[in-house]
2 protein chains.
Amino acid sequence: MCAQLLSTKPYKGTRDFYPADMKLRNWFFGRIRSALELASFEEYNGPMLESLEIYIAKSGEEIANEQTYNFTDRGGRRLAVRPEMTPTVARLVAGKINELNFPLKWFSIPNLYRYENPQRGRLREHWQVNVDIFGCDSYEADLEVISTAISLLKVFDADSSMFKVHINNRRFFNDVIAAIAGTDAEGSRKVSKVIDRKNKVPREVYEKDLIALGLDADKIAKIDALYTMSVAEAAALCPESRGAQELIDLFAALEALGLAEYCVFDFGIIRGLDYYTGTVFEVLDTAPENNRAMFGGGRYDNLVGLFVKNATVSGVGFGFGDVTLENFLITHNLIPDIYAEGVKVLVTKFDDVPYSEYTKIVSTLREAGVQSSIYIGSKKFGKQIEYAVKGNYSHVVIMGGSELEAKQIKVKDLRTREEVTLDSDKLVEYFSAQ
Amino acid sequence: MCAQLLSTKPYKGTRDFYPADMKLRNWFFGRIRSALELASFEEYNGPMLESLEIYIAKSGEEIANEQTYNFTDRGGRRLAVRPEMTPTVARLVAGKINELNFPLKWFSIPNLYRYENPQRGRLREHWQVNVDIFGCDSYEADLEVISTAISLLKVFDADSSMFKVHINNRRFFNDVIAAIAGTDAEGSRKVSKVIDRKNKVPREVYEKDLIALGLDADKIAKIDALYTMSVAEAAALCPESRGAQELIDLFAALEALGLAEYCVFDFGIIRGLDYYTGTVFEVLDTAPENNRAMFGGGRYDNLVGLFVKNATVSGVGFGFGDVTLENFLITHNLIPDIYAEGVKVLVTKFDDVPYSEYTKIVSTLREAGVQSSIYIGSKKFGKQIEYAVKGNYSHVVIMGGSELEAKQIKVKDLRTREEVTLDSDKLVEYFSAQ
């Protein structure tokens with residue numbers, strides 16, 4: 001063996017999942033998967049390695065190169081470890097555009113790699129739930145996506161005091177800005193850019209930039225007022241806007257579904273100027289320590305444009321990562337003792353009993369669906385009990401030579417410390433009643 | 001948009017998982033995960049990217065470089081997309097060697113990348129079930145691993161006519177070869193190398209090589225005879241060998257567990273000379289078209305040697321890929337209609353009914369745990385039914401303006417084509433009875 005020992009640490013920004021970590025992740029992704037399947041979303045996946053060019057085509061050479069792990073294979077193909085799922089799912093949809101059953105309700109839980117310095121809530125490798133509806137242009141898909149986002153937090157018993165969905169509409173945003181500013185398309189776009197940066201610059205700079213684009217104090221005040229308006233007040237400023245109508249329909253439907261308490265109209269939600277085209281939303285954690293958008297999403301057009309000519313498929317969806325979700329669940333105390341429920345039996349062993357007597361017990365228990373195992377180490381009884389406790393077993397089965405002769409078995413419940421002696425053939429019955 | 005359209009094909013040797021593919025994979029991995037949990041194995045995972053050096057340390061610079069996707073990050077770290085799970089799990093075990101609860105029963109279902117030309121049953125990206133027991137030196141762990149391997153095929157209703165586990169023991173192999181050949185350790189090793197190549201060279205070459213190492217025709221015949229012997233006959237040739245005793249114990253225990261019909265002693269199973277140290281086995285598909293080892297495994301020593309000084313942890317385990325498993329299941333007709341079971345309801349919609357009436361229905365159904373969805377497209381009723389059929393929905397719910405007024409709902413079972421009319425408030429009851 002080589003003299004120099006290797007490090008046991010995982011690569012920077014990535015995590016190891018020991019069984020306890022994995023159990024937690026399987027628990028929360030299991031709940032999410034069930035909730036999505038209940039709502040008839042179907043799961044898909046794609047490869048970890050993708051052609052780098054699909055990210056370049058979407059985000060430009062510089063961003064794709066900088067922010068992905070990428071390399072060239074021996075055939076000269078430029079590959080990237082996938083940094084996001086949208087280009088992959090666009091490729092899948094484009095690849096079977098004439099066969100697929102639109103509208104699609106799809107989800108995926110891929111692991112993704114982004115090349116940036118790790119920070120709270122953002123690691124280099126994370127798992128991301130992606131939920132999308134493809135091929136439905138009406139607000140009904142937006143409603144389904146937002147109500148699904150809410151349901152995914154409600155499965156953890158999160159309530160409306162813990163998070164809020166902040167909703168805006170990009171079509172309405174553009175229309176109302178143009179109406180207030182009185183600008184043409186190009187002018188409105190410039191105004192939008194200033195508004196998008198509102199919280200990132202001092203107030204004076206913001207105002208100066210708007211004045212430079214021809215807006216006076218009155219118009220600036222009108223824009224300011226939008227941030228505290230209800231959806232009805234805001235929509236009334238621009239009633240002929242399709243975006244305003246979508247907002248009204250969406251909020252009415254959320255109300256009808258009993259979801260109004262989770263949702264607020266928020267004119268400050270923009271989510272990048274170039275990508276989203278209709279409804280946009282962000283889910284905000286109300287806890288001060290996680291005081292930022294947990295996740296967000298919205299409606300975008302032309303999903304498949306990079307892959308297929310003369311075809312358009314719109315999408316509306318959202319994505320959120322396991323790290324963010326875990327922070328939310330921990331902050332709000334929403335993780336139960338995932339070991340507390342369920343029977344898990346360790347059959348202890350003694351030297352005066354043939355091993356096959358123990359394998360028979362375990363075989364019978366497993367056939368009856370009872371999670372069980374023989375202690376296969378070489379330690380004495382006391383250490384076997386320690387092994388069971390440390391391994392989160394709920395029960396130990398005890399059968400030494402004298403019990404075997406008497407055709408009896410002892411069972412100790414490690415949670416209550418109660419011990420019972422049973423006839424050997426009553427063991428399955430005992431655990432079925434647990 | 002750029003004029004040049006991008007390819008919709010996945011990268012060479014990788015696969016896209018459209019919902020039907022994903023549903024199949026989730027189905028079979030779900031069964032495997034349940035069977036492993038029933039036997040008290042615990043799931044772990046690690047990152048997709050690992051330091052290249054852990055593969056170099058195990059397999060040498062050339063193999064590690066040639067057979068992995070690897071590259072250097074901006075910090076000068078050499079990384080590989082993981083080609084196998086053993087170095088990762090060794091790193092995990094080594095990293096918490098003083099805290100972990102040995103013996104460990106661990107499993108993982110990672111995706112792995114190997115850089116080689118794709119062929120039947122071997123792709124560049126595949127998912128591999130890895131099952132191991134760490135820190136137990138006795139045959140009891142070997143028994144648990146082999147009986148688990150059998151149970152993972154039995155969950156698919158595979159029987160002993162479809163596969164067999166071929167078992168040997170490397171300790172026994174070394175001892176019996178040394179006993180027959182009468183060679184010292186170095187000589188025995190040379191003989192073993194020749195035997196390992198037996199099926200890859202013509203018979204004359206095999207015999208010539210053994211003669212060159214000092215074996216005569218009688219000794220060669222004695223070795224030949226091992227290939228058709230029962231485990232008792234073989235063990236009798238070398239009764240003082242620990243390996244022989246392990247084989248006898250293992251086969252007796254398999255017999256006691258009722259697993260004898262799945263297992264054969266096979267002196268031809270070696271599995272590479274340098275890695276395995278005790279029990280070795282391969283699971284062979286009996287179907288002529290898959291006439292090769294589906295998967296194999298065995299016992300190896302010193303798992304953590306590359307990471308920790310003065311500590312040894314032995315392992316026994318096996319791994320098998322999703323592609324191999326799927327081929328086996330298809331060949332033996334073991335995949336049921338995974339869409340046949342389960343209720344999945346599409347609520348169709350009509351323009352003369354407020355949309356909120358439909359969202360209420362779906363909301364009620366989902367609360368009752370019924371998988372359901374509203375049709376959110378813009379097509380007419382006939383097309384909505386087509387959508388339901390193509391989307392593997394089991395039922396459609398039909399409520400036009402007249403039904404709404406009469407407080408009734410129609411339900412059509414798409415499998416039986418039966419249609420019933422119910423009072424609106426009896427809908428959950430109807431599906432609960434399905």
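**Strands, interface and backbone features of a two-chain model**

In chain B of this predicted model, F71(B) has L79(B) as its bridge partner in β4(B). The two strands concerned, β3(B) and β4 (residues 78-81) of chain B, pair in the antiparallel sense over 4 bridges. They belong to an open sheet of 3 strands in chain B, ordered β2-β4-β3 with antiparallel pairing. The edges of this sheet are β2 (49-51) and β3 (69-72) of chain B, each of which pairs on one side only. On average, and with direction ignored, neighbouring strands of the sheet are turned by 35° against each other.

Further along chain B, strand β11 (residues 293-300) has antiparallel partners in β10 and β12. Strand β10 (residues 276-285) of chain B is joined to β11(B) by 6 bridges, and within this pairing L284(B) has A293(B) as its bridge partner in β11(B). Between β11(B) and strand β12 (residues 315-321) of chain B there are 5 bridges; here the partner of Y300(B) in β12(B) is G315(B). Strand β11(B) is mostly covered, with 6 of its 8 residues buried.

The discussion now turns to the two chains together. Contacts between them involve 78 residues of chain A and 79 residues of chain B. On the side of chain A that touches chain B, 39 residues are nonpolar, 22 are polar and 17 are charged. Chain A itself is assigned two domains: domain 1 comprises 19-47 + 82-331, and domain 2 comprises 344-432. The centres of these two domains of chain A, taken over C-alpha atoms, are separated by 53 Å.

Several backbone features also deserve attention. In chain A, F102(A) and P103(A) are joined by a cis peptide bond with omega of about -5°, and P103(A) is found in the loop between α4 (86-95) and β5 (104-108) of chain A. In chain B, a cis peptide bond likewise joins F102(B) and P103(B), with omega of about -5°; P103(B) lies in the loop between α4 (86-95) and β5 (104-108) of chain B.

Positive phi values occur in chain B at N392(B), near 60°, and at R417(B), near 70°; each is a residue other than glycine. N392(B) is placed in the loop between α14 (381-390) and β15 (395-398) of chain B, and N392(B) counts as partly exposed because 19 C-beta neighbours lie inside 10 Å. The place of R417(B) is the loop between β16 (408-413) and β17 (419-423) of chain B. With 7 C-beta neighbours inside 10 Å, R417(B) therefore counts as exposed.

Note on methods:
Residues numbered from 1 in each chain as written. Chains lettered and ligands numbered in written order. Predicted model: local features only at pLDDT ≥ 70, side-chain atom pairs only at ≥ 80, totals over all residues. Buried ≥ 20, exposed ≤ 12 C-beta atoms within 10 Å, placed from the backbone. Pairing = 2+ DSSP bridges. Contact = placed C-beta atoms within 7 Å. Nonpolar A, V, L, I, M, F, W, Y, C, P; charged D, E, K, R; others polar. Axes fitted to C-alpha atoms, helices over the stretch in contact; angles between N-to-C directions. Domains from an automatic or database assignment.
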